[in-house]
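Work through the exercises below with the model open. Each task is followed by a worked solution.

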Amino acid sequence: MGTRPPKALLLLLLLRLLPPRGASAGSLQSPGLSECFQVNGADYRGHQNRTGPRGAGRPCLYWDQTQQHSYSSASDPQGRWGLGAHNFCRNPDGDVQPWCYVAETEEGIYWRYCDIPTCHMPGYLGCFMDSGAPPALSGPSGTSTKLTVQVCLRFCRMKGYQVAGVEAGYACFCGSESDLARGRPAPATDCDQICFGHPGQLCGGDGRLGIYEVSVGSCQGNWTAPQGVIYSPDFPDEYGPDRNCSWVLAPPGAALELAFRLFELADPRDRLELRDAASGSLLRAFDGARPPPPGPLRLRAAALRLTFRSDARGHAQGFALTYRGLQDADADPAPLEGSTQTPAAPLDGANMSCSPGPGAPEASMGAQVFSTVTAVSVLLLLVLSLLRLLRGRGCLLAPSKGPPTLRPSRDPTRSWAVWYRRPRGVALPCPPGDPQVEGLTASYRPLSASSQSSLRSLISAL
């Protein structure tokens, strides 16, 4: 993929998570309607082969005919990214949403995002207009140069609200379901701004709110809806170290059916346990070395307690699982051997720290430390480069999957304005009239005056 604008490092907010208000994720959106369980649609394996839904948009090129580009079926021999002898939309590079290559236009455009209505993770409620008077979400708000979807969800969850909205890449708003009842939906493609704190997530748009249920990525809760989705803590961000979380599933019925849509734990010391909520019996346990089997998992239990713990070093994408209650008890009744009447572990104050087991390869640990230090160093260099450009009132351009056609201007006497182009994210070219950006008005449009003022204040504070 082409060069992206540097993003600020994610700031992990050390906030105490409160149990979500309401029944469950999926109470406002059914998991059965979604083909994606990751916020950027990296897990999309559907069959849309045009850039627009229901036959609209431009046709996609076949992935086995795109060897001249960075991504093709030849670059994905194991099928990890879902590429092959087809032309379905995919997201092989961790972009903000699925995309595909298209026949190159006279303007040099050779790829497009795919607008896939069924590729929105459960818990995402949609894109909504926000005129600001009155605000679309009536609760507290804030701004952050390190904003991610989960940073906003955590903020609103701590404040006791039911929904959270991200806007313009850096703003967070809280509200309730009553706000949604009077909300004005906007096209999904209007929420096209990249989050300042994560280059792979979208955080609304200019005057557009991307709204989520705050239960997404919560660390605890009781879930009683007939069906729903449980995400690992901090999702869609990676879960952090020393997490100790628990959820109780008690939908109507005599048994439960679970299906893991995503499962990625860092190592065997990061563990997810499924217990009978009444007896405490351990029914199943999965970790980084023992993932769940493919297909649905049926358990004969009226209620389940899920417990997830990560060690002091653990962080990974985590998991997403769907559940539904079953009226019949035709499920696997057997607990694991030797686990009968095992009491459930306490939640509060029970952080775990683990040491490597006998024979753990020290070389592997050293490699992990080296990789981590290298990655952090590169990110710090990118952040310092961004600060240098911004302090010099420089101009950053929108990212693309090809070389930029314009170069940044670093003349300190020039002022800057914020522009962006759909469907890409934020761009910071120089003001209209600059000889470097003549002709941009057809493909870029400026942010509103209020958004520019807020963003200018944020950047000046860096």
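## Exercise 1: Charged pairs around one glutamate

Glu273 is buried, at 10% relative accessible area (buried is under 20%, exposed over 50%, partly exposed in between, with a 1.4 Å probe and protein chains only). This is a predicted model, in which local features need pLDDT of at least 70, side-chain atom pairs count only at pLDDT 80 or more, and totals for chains, interfaces and linings use all residues. Residues are numbered from 1 along each chain as its sequence is written, and side-chain values use heavy atoms, with hydrogens and water left out.

**Task.** Find the salt-bridge partners of Glu273 and state their burial.

**Solution.**
1. Apply the criterion: a side-chain nitrogen of Lys or Arg within 4 Å of a carboxyl oxygen of Asp or Glu.
2. Arg271 qualifies, with its closest N and O atoms 2.7 Å apart. Arg271 is partly exposed, at 27%.
3. Arg275 also pairs with Glu273, at 3.1 Å between the closest N and O atoms. Arg275 is buried, at 7% relative accessibility.

## Exercise 2: A bridge between loops

**Task.** Which parts of the chain does the Asp311–Arg269 pair tie together?

**Solution.**
1. Check the contact. The two side chains form a salt bridge, 3.0 Å from N to O.
2. Place the residues. Asp311 sits in the loop between β17 (304-309) and β18 (318-326), and Arg269 in the loop between β13 (255-264) and β14 (271-276), so the pair joins parts 42 residues apart in sequence. Strands here are DSSP runs of E, at least two residues long, numbered from the N terminus.
3. Add burial. Asp311 is buried, with 0% relative accessible area. Arg269 is partly exposed, at 25%.
4. Widen the view. The structure holds 11 salt bridges. Elsewhere, Arg154, Asp234 and Arg243 are linked in a salt-bridge network.

## Exercise 3: The largest cavity

**Task.** Describe the lining of the largest cavity.

**Solution.**
1. Fix the term. On a 1 Å grid over the protein atoms alone, a cavity is a set of points where a 1.4 Å probe fits but cannot get out; lining residues have an atom within 4 Å of a point.
2. Search. Four cavities of 30 Å³ or more turn up in the whole structure. The largest holds about 360 Å³.
3. List the lining. It has 25 residues, with Val39, Val96, Gln97, His120 and Leu202 nearest the centre.
4. Sort by class. There are 15 nonpolar, eight polar and two charged residues.
5. Assign domains. Domain 1 (34-119) and domain 2 (124-213) each supply at least three lining residues.

Terms used
Helix = DSSP H or I, 4+ residues; strand = E, 2+ residues; numbered from the N terminus. 1 Å grid on protein atoms, 1.4 Å probe; cavity = no way out; pocket = protein on both sides within 12 Å on 5 of 7 lines; lining within 4 Å. Points joined across faces, edges and corners; volume = space filled by probe spheres on them. Nonpolar A, V, L, I, M, F, W, Y, C, P; charged D, E, K, R; others polar. Domains from an automatic or database assignment.
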